[in-house]
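Reader: Could you walk me through this structure, one question at a time?

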Amino acid sequence: MGETTAKPPSAFLLVDLIISLDGYASAEGWPGWWGLEGPEYLAWLEQEGEKGYTFLLGAKTYRLMSSMSREASAEDSEFSKDEGATLTGLAAVPKVVFSSSLQAPLSWPNSKLVTGDAVEAVREMKRTGTGPLSTLGSLSLCRSLLAAGLVDRFRVVVFPVITGRTGSERIYDGYPDVALQMVHSRTFDGPLQLLEYIPTVLSGPTGSSPP
């Protein structure tokens, strides 16, 4: 299942999110990936990590992911082998962290701190063609970049769970209206669904002209 269009340019920006069916990024009391990750999905994550992305993230995600990466590298880690490989592998990839509260130098390897305006910094990164960019979590950063019209691809992996009572971090609150043209889809391990779109921010309801 799926379809593809022309390959995006080298400096393209991908917003990459995982969501529950009802649009939450996580849920209280649930494990990572809602405990539903499988070998196909984890193998795909590893392949994606080899595509040369520079990852963009905010301070909250930096603190969480760097801590998880360190924990996964410990001998007594509670992460599975595949989970640990995915998390520890993040240390080797380039990361740009947008924060006014963190201080340089950052302890997580290959992490660059930017204290100025994230939208303008990413706009310049795209203009100078620094290679493919991808967000890592960081919901408010994703929202700002999308609203600014900087996002070339919007990709979600939908996990088949509804967390109406325990869900936290609603992903789409505060988003503008966005038209989505599907360019790729696939399933992982049976129940997980990847959906990838080209987004167009709208100035009004469907049928209005984009800004």
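**Rings, core and strands**

Author: Gladly, and let us start with one residue of this predicted model. Tyr53 has a relative accessible area of 8%, so this residue is buried.

Reader: How do the rings of Phe12 and Tyr53 pair: stacked, tilted or edge-to-face?

Author: Planes over 60 degrees apart count as edge-to-face. The ring centres of Phe12 and Tyr53 lie 6.3 Å apart and the planes stand at 65°, so this pair is edge-to-face.

Reader: How many residues apart in the chain are these two partners?

Author: Phe12 belongs to the segment before β1, while Tyr53 is in the loop between α1 and β3. The pair therefore links distant parts of the chain, and Phe12 itself counts as buried at 10% relative accessibility. The separation between Phe12 and Tyr53 is 41 residues.

Reader: And how is the pair of Tyr53 and Phe55 classed?

Author: Both Tyr53 and Phe55 are buried. Their ring centres are 6.2 Å apart, with the planes at 50°. That angle is neither under 30 nor over 60 degrees, so the pair is tilted.

Reader: Which residues does Val122 touch, leaving out those up to four places away in sequence?

Author: Val122 is one of the residues that touch the most other members of the largest nonpolar core, which has 30 residues. Its helix, α4, supplies at least two residues of this core, as does α5. The contacts of Val122 are Leu13, Leu56, Phe98, Leu133, Leu145 and Leu150.

Reader: Within what arc do the buried residues of α5 fall, seen down its axis?

Author: The buried residues here are Leu139, Leu141, Cys142, Leu145 and Leu146. They line one face of the helix, because the arc they fall within is 160°.

Reader: Which residue is the bridge partner of Val158 in β10?

Author: β7 and β10 run antiparallel and are joined by five bridges. Seven of the 10 residues of β10 are buried, so this strand is largely enclosed by the rest of the structure. In β10, Val158 has as its bridge partner Gln193.

Reader: Which residue takes a positive phi in the hairpin of β9 and β10?

Author: These two strands run antiparallel, with 10 bridges between them, and Arg186 stands opposite Leu194 in β10. Three residues lie between the strands of the hairpin. The one with a positive phi, near 55°, is Asp189.

Notes. Residues are numbered from 1 along each chain as its sequence is written. This is a predicted model: local features need pLDDT of at least 70, side-chain atom pairs count only at pLDDT 80 or more; totals for chains, interfaces and linings use all residues. Side-chain values use heavy atoms; hydrogens and water are left out. A nonpolar core is a set of buried Ala, Val, Leu, Ile, Met, Phe, Trp, Tyr and Cys residues joined through side-chain atoms within 4.5 Å. Buried means under 20% relative accessible area, exposed over 50%, partly exposed in between (1.4 Å probe, protein chains only). Helices (H or I, at least four residues) and strands (E, at least two) are DSSP runs, numbered from the N terminus. Contact means heavy atoms within 4.5 Å. The arc is that of the directions from the helix axis to the C-beta atoms. Two strands pair if DSSP finds at least two bridges between them. Rings of Phe, Tyr and Trp (its six-membered ring) pair if their centres lie within 6.5 Å; planes under 30 degrees apart count as stacked, over 60 as edge-to-face and the rest as tilted.
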